[in-house]
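Some notes for a colleague follow. They take up the ligand site, then the domains.

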Amino acid sequence: MVVGIHRKTYAKVDLSAIKHNIVVEKKQLANKQNIFAVVKANAYGHGIIEVAKAAHEVGVAGYCVAIIDEALALRKAGLNELILVLGVNPFEYASLMAKNNISATVGDIDFLKKAQVVLSTEKQQLSVHLALDTGMGRIGFRTQKELREAADFIKQHSTEFNFEGIFTHFSTADSGEKVAVDYYEKQIAEFNELISCLEELPEYVHVANSAASIWHKECGGNTIRFGITMYGLNPSSDELSIPSEFKPAISLLSEVAAIKKIKKNDSVGYGKTYTAKEDEWIATIPIGYADGWLRKMQGFKILIADHFCEIVGRVCMDQIMVKVPWKMAVGTTVILIGKKGQKEIRVQDVADQVGTIHYEVTCLISERVPRIY
Ligand SMILES: *Cc1c(COP(=O)(O)O)cnc(C)c1O
């Protein structure tokens with residue numbers, strides 16, 4: 001992947017905001033739980049190594065990633081805390097995970113049985129977290145019978161396995177609607193019912209994501225998996241409010257690359273979807289859908305020299321055209337996400353335009369866009 005270091009389009013990531021958000025979260029947790037910093041997907045687009053190091057500075061119990069390669073990248077960067085891979089993986093990788101002290105999520109007995117043979121041959125031990133499916137319908141054990149079988153198997157093979165954690169994941173903790181709250185309650189009851197069959201609990205019991213940690217403080221567990229709100233963003237979009245102390249960490253900036261005057265009835269962009277109603281100034285900005293600035297952003301207003309200016313014509317792969325009120329100098333700063341004075345473009349505003357959630361907006365800022373810290 002080529003990163004655009006010779007282009008004035010970049011994502012600015014404020015690591016002090018991330019550290020601040022972890023500190024705020026620690027203060028507001030009801031049971032003083034430990035924090036696993038969720039840094040999957042390049043830390044939701046913010047940069048996995050830099051974010052993990054920032055989290056390390058303020059103190060977290062570990063990290064959650066989605067895939068093994070992300071865990072290996074953290075180990076390579078010298079981070080020594082616990083790392084949990086949230087997804088399930090083929091048993092063939094058990095040895096690689098054990099070797100790098102990476103904790104594996106386990107959602108079925110088959111993995112344990114097959115991994116046990118490999119680990120025993122290699123004389124290795126793998127730390128495991130049992131996933132319980134209490135209503136997400138994704139990965140994990142669903143019945144006491146299955147869970148007991150897995151826990152017993154781990155106990156019988158304690159040379160190969162360290163029973164380190166147990167967890168579940170909520171599907172509706174981010175909404176205040178009655179159906180959502182009822183379903184959350186059903187899931188937490190199911191979790192408690194499932195784990196009641198275990199003789200002893202592992203070191204880490206974790207149920208809460210950001211949403212549950214903020215709006216369902218009674219959810220319990222001794223550790224939380226802190227994701228979106230570590231980046232200062234609201235898990236519920238705009239439905240419920242998060243404490244105002246949380247600060248967004250990412251902004252997206254560029255600058256005017258070209259400026260020209262077009263005449264009344266001239267058109268702009270592919271498919272000539274925009275036609276000037278009068279003589280107009282059009283600025284070209286070097287960002288497009290290949291950078292994660294999607295075609296649906298046509299019509300959105302971005303900040304140039306303190307003015308909200310409309311993106312006109314289709315978003316191209318690498319450039320956008322914007323109607324500006326006067327001849328702005330090449331090099332004028334453009335804010336696509338971020339704040340200047342009283343004027344702000346939130347990740348949420350972009351998400352609303354695209355019809356998505358802010359998780360998707362920050363994850364989609366592509367690798368071509370350099371992250372500046
Ligand atoms: C992504 C993820 C999280 C983090 O969720 P946020 O809403 O970002 O806090 C927690 N747990 C699991 C299992 C996840 O996949």
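1. The ligand shell. Twelve names are worth marking in the viewer: the ligand is surrounded by V38, K40, Y44, L86, R138, H169, N209, S210, R225, G227, I228 and Y359. Keep in mind that this is a predicted model.

2. Make-up of the shell. Sorted by class, the residues around the ligand are five nonpolar, four polar and three charged. Among the charged ones are K40 and R138.

3. Polar approaches to the ligand. S210 places an N or O atom of its side chain 2.6 Å from an oxygen atom of the ligand. I228 uses its backbone instead: an N or O atom there lies 2.7 Å from a ligand oxygen. For R138, a polar side-chain atom is 3.4 Å from an oxygen atom of the ligand. The R138 distance falls within the 3.5 Å cut-off for a polar contact.

4. Cover. How much of the ligand's accessible area does the protein cover? On its own the ligand has 390 Å², and the protein covers 92% of that.

5. Domains. The domain assignment splits the protein chain into domain 1 (31-231) and domain 2 (250-372). Their C-alpha centres are 39 Å apart. Five residues of domain 1 and six residues of domain 2 take part in the contact.

6. Area between the domains. Interface size is often quoted as the accessible area lost when the parts come together. Here domain 1 and domain 2 bury about 580 Å² between them. Carbon and sulfur atoms give 64% of this area. On the domain 1 side, Y44, H46 and I228 lose the most area to domain 2. Together they make up 67% of what that side buries. Y44 and I228 are also listed around the ligand.

7. Polar links across the interface. Which counts apply here? Salt bridges between domain 1 and domain 2 number zero. Two residue pairs are in polar contact across the interface, both at pLDDT 80 or more. The side of domain 1 that touches domain 2 has three nonpolar, two polar and no charged residues.

Terms used: Residues are numbered from 1 along each chain as its sequence is written. This is a predicted model: local features need pLDDT of at least 70, side-chain atom pairs count only at pLDDT 80 or more; totals for chains, interfaces and linings use all residues. Side-chain values use heavy atoms; hydrogens and water are left out. A residue is near a molecule or strand if one of its heavy atoms lies within 4 Å of it. A polar contact is a pair of N or O atoms within 3.5 Å; within protein, one must be able to donate a hydrogen and the other to accept it, and residues adjacent in sequence count only if both atoms are side-chain atoms. Accessible areas come from the Shrake-Rupley method with a 1.4 Å probe; for residues, only the protein chains shown count as cover. Domain bounds come from an automatic or database domain assignment. Contact means heavy atoms within 4.5 Å. Buried area is the accessible area (1.4 Å probe) that two parts lose on being put together, summed over both. A salt bridge is a side-chain nitrogen of Lys or Arg within 4 Å of a carboxyl oxygen of Asp or Glu.
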